[in-house]
Amino acid sequence: MLSSLRADWLLPIAGPPIEGGSVTIEDGRIVAVESTAPSGATNLGRRVLMPGLVNAHTHLELSYLHGRIPRAACFTDWVRPLLAARRTPPDQETIEAHAADAIADAVESGTVLFGDVSNGLGALSPLRSAGMAAHVFYELLGFNMPQPDAHVAAARSRIAAEQQAATEDGREVRFSVAAHAPYSVSPALFDAIRRDTSAHGSPTTVHVAEGREEVQLLSDGTGPWRTLLETLGVWTEAWQVPACSPVAYLQQRGFLDASTLVVHGVQCTADDIARLRSSGATMVACPRSNAYVGAGDPPLSDFYAAGVPVAFGTDSLASVDDLNLFSELAEARRLAPAVAARRLLESATLIGARALGFERDYGTLEPGKRAALLSVAVPSGVTDVEEYLLSGLTTEMRCEMPFPPPQA
Ligand SMILES: [Zn+2]
């Protein structure tokens with residue numbers, strides 16, 4: 001059955017804003033995006049109709065840590081209590097209950113697709129219950145890992161089983177393996193993960209250049225990360241100091257290409273940004289989390305100026321107060337005041353969907369895509385609707401029906 005929604009503003013992302021346009025939906029998919037409204041269209045009035053948002057970096061299974069890890073002045077000061085808390089995790093039921101609440105809050109603030117990083121696949125059940133679309137990155141760590149190929153093979157068989165179950169259920173959930181970070185993954189484990197993701201043609205992800213300590217470790221093998229790795233009993237003299245930046249290191253390992261979502265990039269230099277640009281990798285910025293963990297501010301304007309594709313993530317509730325991407329956009333606007341509002345909005349929709357491999361179904365208002373539509377109330381007096389969407393919205397968002405999308 002056809003149904004049409006008219007709003008005072010359409011933000012297709014695929015093209016310029018349309019005043020007073022309409023979107024027509026049939027069987028959960030968009031069939032038309034027009035500058036006029038067909039008779040019988042539901043008029044949403046003073047609202048902006050846009051594609052739902054894409055949170056390209058979360059750790060839903062860590063939602064139980066909300067409010068438990070203090071804000072820190074430097075990254076390793078944030079990591080220590082995180083590691084301590086994760087040593088005694090709650091039971092699976094508690095992990096799932098917190099993840100379910102986090103998902104519900106994210107949906108309420110306009111998110112329709114997650115890039116979710118997971119070490120225990122602890123949020124799959126709440127993702128399933130919510131009918132959420134997601135790419136789940138099964139993240140591996142091991143700075144001193146004797147048999148990396150066996151480790152990756154075990155991860156591969158686990159996600160293959162989950163993928164089969166999701167496909168049989170018609171769920172929009174996909175899986176791949178991913179690497180945690182240069183300070184927690186050995187060179188051989190990076191290589192083994194790379195072989196797996198290349199063989200499967202999947203996107204992968206890695207945290208990179210987050211805190212200053214990571215830069216120091218890769219530069220000369222010293223500093224707080226060296227101390228922490230020794231304390232954890234995983235430091236090995238076999239690790240060769242790369243003597244380069246974290247981004248250059250990933251490039252040397254062959255871990256940077258168009259299938260890679262690199263997360264954070266706070267410490268990126270101009271050379272690093274040039275490397276990212278030529279690799280085709282997508283930078284997933286999580287600026288609120290970066291401030292919380294004491295890493296600093298990412299060079300967001302420089303990423304845009306260089307033409308690096310930028311997506312947005314919130315990171316986990318262990319380092320951010322909520323999973324509201326509009327709050328992330330407000331922080332992005334503060335850090336990158338000269339970047340066009342339209343580009344920031346494209347980052348929170350199309351760029352994230354494309355990086356996660358969901359561009360066919362999400363990210364824009366275009367015929368053929370899922371009708372995962374978001375409408376946002378626009379107060380009277382607002383004339384620049386795109387800029388208004390960057391002002392830190394917390395209310396008056398609405399996922400327009402049908403959402404969650406029916407499994408077609
Ligand atoms: Zn993260």
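This briefing walks through a metal site, two unusual backbone angles, and the pockets and cavity of the structure above. Please keep in mind that the model is predicted. A good place to begin is the zinc ion, which is held by three histidines, His57, His59 and His207, together with Asp315. From there we move to Ile13 and His264, two residues that are not glycines yet have positive phi values. The tour ends with the open and enclosed spaces, including a largest pocket of about 750 Å³.

**The zinc site**

- His57, His59 and His207 each coordinate the zinc ion through NE2, while Asp315 does so through OD.
- The distances from these donors to the zinc ion run from 2.0 to 2.6 Å.
- The angles among the four donor atoms range from 85 to 167°, and the site is classed as irregular. The upper value matters here, because four donors count as tetrahedral if all angles lie between 85 and 135 degrees.
- For comparison, the ideal angle for four tetrahedral donors is 109.5 degrees.
- Along the sequence, the donor residues follow the spacing H-x1-H-x147-H-x107-D.
- One pair of donors links distant parts of the chain: His59 and His207 are 148 residues apart. His59 sits in the loop between β8 (53-58) and α1 (75-87), whereas His207 belongs to strand β12 (residues 204-208).
- Are His59 and His207 buried or exposed? Both of these residues are buried.

**Two residues with positive phi**

- Ile13 has a phi of about 70°, a positive value although this residue is not a glycine.
- You can find Ile13 in the loop between β2 (9-10) and β3 (18-19).
- Ile13 has a relative accessible area of 13% and is therefore counted as buried, since the cut-off for that class is under 20%.
- His264 also has a positive phi, near 95°, and is likewise a residue other than glycine.
- His264 lies within strand β13, which covers residues 260-264.
- With a relative accessibility of 0%, His264 counts as buried.

**The largest pocket**

- The largest pocket holds about 750 Å³ of space. It is lined by 35 residues, and those closest to its centre are Leu82, Leu83, Arg86, Leu141 and His180.
- Which elements give two or more residues to this lining? They are α1 and α7 (224-231).
- Helix α1 provides the largest share of the lining, with seven residues.
- By class, the lining of the largest pocket is made up of 16 nonpolar, 13 polar and six charged residues.

**The second largest pocket**

- The second largest pocket contains about 240 Å³ of space.
- Its lining has 17 residues, and Asp101, Ala102, Asp105, Asp322 and Leu323 are the ones nearest the centre.
- Helix α2 (residues 92-108) contributes the most to this lining, giving five residues.
- Four nonpolar, seven polar and six charged residues form the lining of the second largest pocket.

**The enclosed cavity**

- How many cavities of 30 Å³ or more are there? The count comes to one.
- The largest cavity encloses about 30 Å³ of space.
- Its lining is formed by Pro51, Gly52, Asp361, Tyr362, Gly363, Thr364, Leu365, Arg370, Ala372 and Leu373.
- Sorted by class, the residues lining the largest cavity are five nonpolar, three polar and two charged.

Methods
Residues numbered from 1 in each chain as written. Predicted model: local features only at pLDDT ≥ 70, side-chain atom pairs only at ≥ 80, totals over all residues. Heavy atoms only, no water. Donors = N, O, S within 2.8 Å, 3.2 Å for Na, K, Ca; no water. Tetrahedral: all angles 85-135°; square planar, octahedral: opposite > 155°, others 65-115°. Helix = DSSP H or I, 4+ residues; strand = E, 2+ residues; numbered from the N terminus. Buried < 20%, exposed > 50% of the residue type's maximum accessible area, 1.4 Å probe, protein only. 1 Å grid on protein atoms, 1.4 Å probe; cavity = no way out; pocket = protein on both sides within 12 Å on 5 of 7 lines; lining within 4 Å. Points joined across faces, edges and corners; volume = space filled by probe spheres on them. Nonpolar A, V, L, I, M, F, W, Y, C, P; charged D, E, K, R; others polar.
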